[in-house]
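Trainee: Could you walk me through the reasoning behind some of the labels people put on a model like this one?
Mentor: Sure, let's have it in front of us.

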Amino acid sequence: MITANIHKINQEIGVHARLIAVSKTKPLEMLLEAYQGGQRIFGENKVQELVQKYEALPKDIEWHLIGHLQSNKVKYIAPFVAMIHSVDSYKLLENINKEGAKNQRVIPCLLQIFIAQEETKFGLNPDELYSLLEQLNQTPLPYVQIGGLMGMASNVADATQVSNEFKGLKNLFDKVKSQYFTHQASFKEISMGMSGDYPLAVKEGATLVRVGSLIFGER
Ligand SMILES: *Cc1c(COP(=O)(O)O)cnc(C)c1O
């Protein structure tokens with residue numbers, strides 16, 4: 001069932017986006033089933049759970065942290081994490097840089113942008129994003145690689161609203177790319193779209209979609 005779900009989603013997203021299987025709260029057996037079906041990219045939102053699953057499962061899995069990250073927890077994931085999607089401050093980036101240096105690896109990060117109408121979501125607004133980018137220009141962090149932007153749309157049925165929020169993130173990505181990352185091919189990811197809205201996200205230019213319940217069932 002899990003493998004069939006993944007296959008169906010991959011067919012829908014095509015070659016333009018990669019699927020992150022969001023496995024938070026799900027048991028190892030379910031992740032292993034997805035792995036045996038060919039899935040290699042998994043997303044978790046809690047550091048402790050991410051580390052436990054990393055230790056228990058095959059080492060060719062790419063682990064993405066998609067949830068809010070506290071500075072004091074960076075050290076636990078720095079040795080192996082493939083990408084951190086949820087960076088929302090320069091201070092956090094400094095910490096990731098420090099732990100990257102300790103582990104002698106450059107850690108790919110996405111900057112999380114607030115795109116929803118809802119009040120509860122994490123993320124930077126455009127002003128905060130630009131001031132973070134200016135700080136990075138002034139004081140570059142060699143063990144951090146800014147790989148792109150991440151966002152979560154409003155959890156509403158209105159497809160036009162959701163599409164517009166995704167469009168906004170894509171426009172911001174294009175602007176930031178041309179202003180700050182013209183010569184950096186590694187700034188290329190737009191992480192947007194979940195179980196309820198990933199087809200819309202892909203249509204608006206997502207390169208990474210984060211899908212959980214549609215693969216593994218409701219949490
Ligand atoms: C849980 C989660 C998802 C996946 O949600 P589903 O609706 O189950 O697909 C995607 N992104 C983030 C940041 C999440 O926390």
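Mentor: A crossing is left-handed if the near helix is turned anticlockwise from the far one by less than a right angle, and right-handed if clockwise. By that rule, the crossing of α1 and α2 is right-handed. Bear in mind that this is a predicted model, where local features need pLDDT of at least 70 and side-chain atom pairs count only at pLDDT 80 or more, while totals for chains, interfaces and linings use all residues. Residues are numbered from 1 along each chain as its sequence is written, and side-chain values use heavy atoms, with hydrogens and water left out.

Trainee: Why are α1 and α2 called oblique to each other?
Mentor: The axes of α1 (residues 2–13) and α2 (residues 28–36) cross at roughly 55 degrees and come within 8 Å. Angles under 35 degrees count as roughly parallel, over 145 as roughly antiparallel, 65 to 115 as roughly perpendicular and the rest as oblique. The α1 and α2 pair is therefore oblique.

Trainee: Which residues make the contact between them?
Mentor: On α1, Ile 2, Thr 3 and Ile 6; on α2, Met 30, Glu 33 and Ala 34. Contact means heavy atoms within 4.5 Å.

Trainee: And what makes α6 roughly parallel to α7?
Mentor: Helix α6 (residues 126–138) and helix α7 (residues 159–180) have axes that cross at roughly 20 degrees and come within 12 Å. That angle is why α6 counts as roughly parallel to α7. Their crossing is right-handed. Among the residues in contact are Leu 129 and Tyr 130 of α6 and Leu 172 and Val 176 of α7.

Trainee: Now the ligand: what makes the Ser 195 side chain a polar contact for a ligand oxygen?
Mentor: A polar contact is a pair of N or O atoms within 3.5 Å; within protein, one must be able to donate a hydrogen and the other to accept it, and residues adjacent in sequence count only if both atoms are side-chain atoms. A ligand oxygen is 2.5 Å from an N or O atom in the Ser 195 side chain. Lys 24 qualifies too, with its side-chain N or O atom 2.7 Å from a ligand oxygen, and for Arg 210 the distance is 2.9 Å, to a ligand nitrogen.

Trainee: Where does Ser 195 sit?
Mentor: In the loop between β7 (189–191) and α8 (198–203). The Ser 195 side chain also makes a polar contact with the side chain of Ser 213, at 3.3 Å.

Notes. Axes fitted to C-alpha atoms, helices over the stretch in contact; angles between N-to-C directions. Helix = DSSP H or I, 4+ residues; strand = E, 2+ residues; numbered from the N terminus.
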